[in-house]
Amino acid sequence: MASSSSSAIVIVAVLLALFAGSSSAQLSTNYYYKTCPKVFSTVKSGVQSAISQERRMGASLLRLHFHDCFVLGCDASLLLDDTSTFTGEQTANPNRNSIRGLNVIDNIKSQVEKVCPGVVSCADILAIAARDSIVILGGPGWNVKLGRRDSRTASLSAANNNIPPPTSSLSNLISKYQAQGLSTRDMVALSGAHTIGQARCTSFRARIYNDSNIDSSFAKTRQRNCPQTNGSGDNNLAPLDLQTPTTFDNKYFQNLISQKGLLHSDQVLFNGGSTDSIVKSYVKNPKSFSSDFVAAMIKMGDISPLTGSQGEIRKVCGKVN
């Protein structure tokens with residue numbers, strides 16, 4: 001009896017371990033091979049069109065995927081609009097007045113619905129659009145794992161708590177990423193996404209006026225378009241990468257070594273701490289950055305997906321069915 005019961009316990013433990021990792025294991029790069037073979041070309045067309053109108057949009061679409069995955073997993077919860085009876089994530093501090101590209105995702109979703117209605121989730125569209133944006137702007141490509149389903153809920157509090165703010169310390173960044181199953185190296189590589197995109201004055205004001213680990217001429221240049229007084233010029237923009245703001249490359253890390261990181265949370269990656277060596281390695285070896293970035297994006301895309309019969313496939317990304 002003792003041996004049989006212990007065997008049963010072992011079997012249960014094995015099954016629990018399998019189920020624990022089953023959701024991300026159910027994701028597959030050929031998930032829509034038969035059910036929606038045109039999904040990749042349809043999404044890419046929509047992303048290409050949006051970026052051709054505004055190159056900054058590539059960074060905005062990538063950011064949507066990141067802000068989605070860090071809250072309840074990659075489930076398109078970010079895309080749910082507020083209603084009179086529902087509060088979503090779009091008014092959370094990291095998202096309010098700053099997330100962009102929701103209309104682009106809506107347009108892509110409507111085109112995908114035309115070629116295969118009720119098949120492709122908004123969460124998967126976000127993942128594909130993020131990859132396509134990076135490729136179009138000169139970055140590396142990869143096969144996107146698919147099969148996520150869309151949530152029927154969202155969390156304003158988790159959006160406020162899980163997404164690291166631009167004032168983050170290095171230890172805060174490390175802990176926020178570790179909470180999502182991402183390593184310190186993943187964190188540094190994913191921070192390299194700031195090689196594209198722009199930030200609002202309100203996100204870097206404290207850095208350019210208060211931080212000491214900043215190139216003085218760089219600080220003065222940014223101060224010209226970002227007044228010190230809160231409420232004045234809050235939405236004025238500056239490129240996160242002052243060298244090549246619309247090209248995906250390793251210049252972001254070069255900027256950090258020159259103390260020209262725009263955000264406080266950028267410069268802490270190279271400030272005498274544990275991640276200095278990673279930053280240096282990405283400057284010396286761009287291919288190392290690209291491969292680490294791809295690996296980290298795939299890991300991020302695996303965060304707590306809804307699969308199988310969980311969630312739903314939304315007809316419109318901004319509301320539940």
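## Pockets, cores and aromatic pairs

In this predicted model, helix α4 provides the largest share of the lining of the largest pocket, namely seven residues. That pocket holds about 1200 Å³ of space, and among the 46 residues that line it, R63, H67, P94, H194 and L263 are the closest to its centre. Besides α4 (57-69), the elements that give two or more residues to this lining include α8 (170-178), α9 (184-191), β1 (198-200) and α10 (201-210).

The second largest pocket is lined by residues that include T42, S45, N103 and Q111, and its largest share, six residues, comes from α3, while α3 (39-53) and α5 (102-115) each supply at least two. The table sets out the lining of the two pockets by class.

| Pocket | Nonpolar | Polar | Charged |
|---|---|---|---|
| Largest pocket | 24 residues | 15 residues | seven residues |
| Second largest pocket | four residues | eight residues | no residues |

Turning to the interior, the largest nonpolar core has 74 residues, of which I105, L269, F293, M297 and M300 touch the most other members, and helix α6 (residues 122-136) gives the most to this core, with ten residues. Leaving aside residues up to four places away in sequence, I105 touches L61, L64, L79, I125, L126, A129 and C317. A second, separate core of twelve residues includes C201, C226, L262 and L263.

The structure also holds twelve aromatic pairs, one of which is the stacked pair of F248 and F289, at 5.7 Å centre to centre with 10° between the planes. This pair links distant parts of the chain, since F248 lies in the loop between β2 (237-239) and α12 (251-257) and F289 in helix α15 (residues 286-301), 41 residues apart. Both F248 and F289 are buried, and ring pairs link them with W142, Y252, F253, Y282 and F293 into a cluster.

Conventions: Residues numbered from 1 in each chain as written. Predicted model: local features only at pLDDT ≥ 70, side-chain atom pairs only at ≥ 80, totals over all residues. Heavy atoms only, no water. Phe/Tyr/Trp six-rings, centres within 6.5 Å; stacked < 30°, edge-to-face > 60°. Helix = DSSP H or I, 4+ residues; strand = E, 2+ residues; numbered from the N terminus. Buried < 20%, exposed > 50% of the residue type's maximum accessible area, 1.4 Å probe, protein only. Core = buried A, V, L, I, M, F, W, Y, C linked by side-chain atoms within 4.5 Å. Contact = heavy atoms within 4.5 Å. 1 Å grid on protein atoms, 1.4 Å probe; cavity = no way out; pocket = protein on both sides within 12 Å on 5 of 7 lines; lining within 4 Å. Points joined across faces, edges and corners; volume = space filled by probe spheres on them. Nonpolar A, V, L, I, M, F, W, Y, C, P; charged D, E, K, R; others polar.
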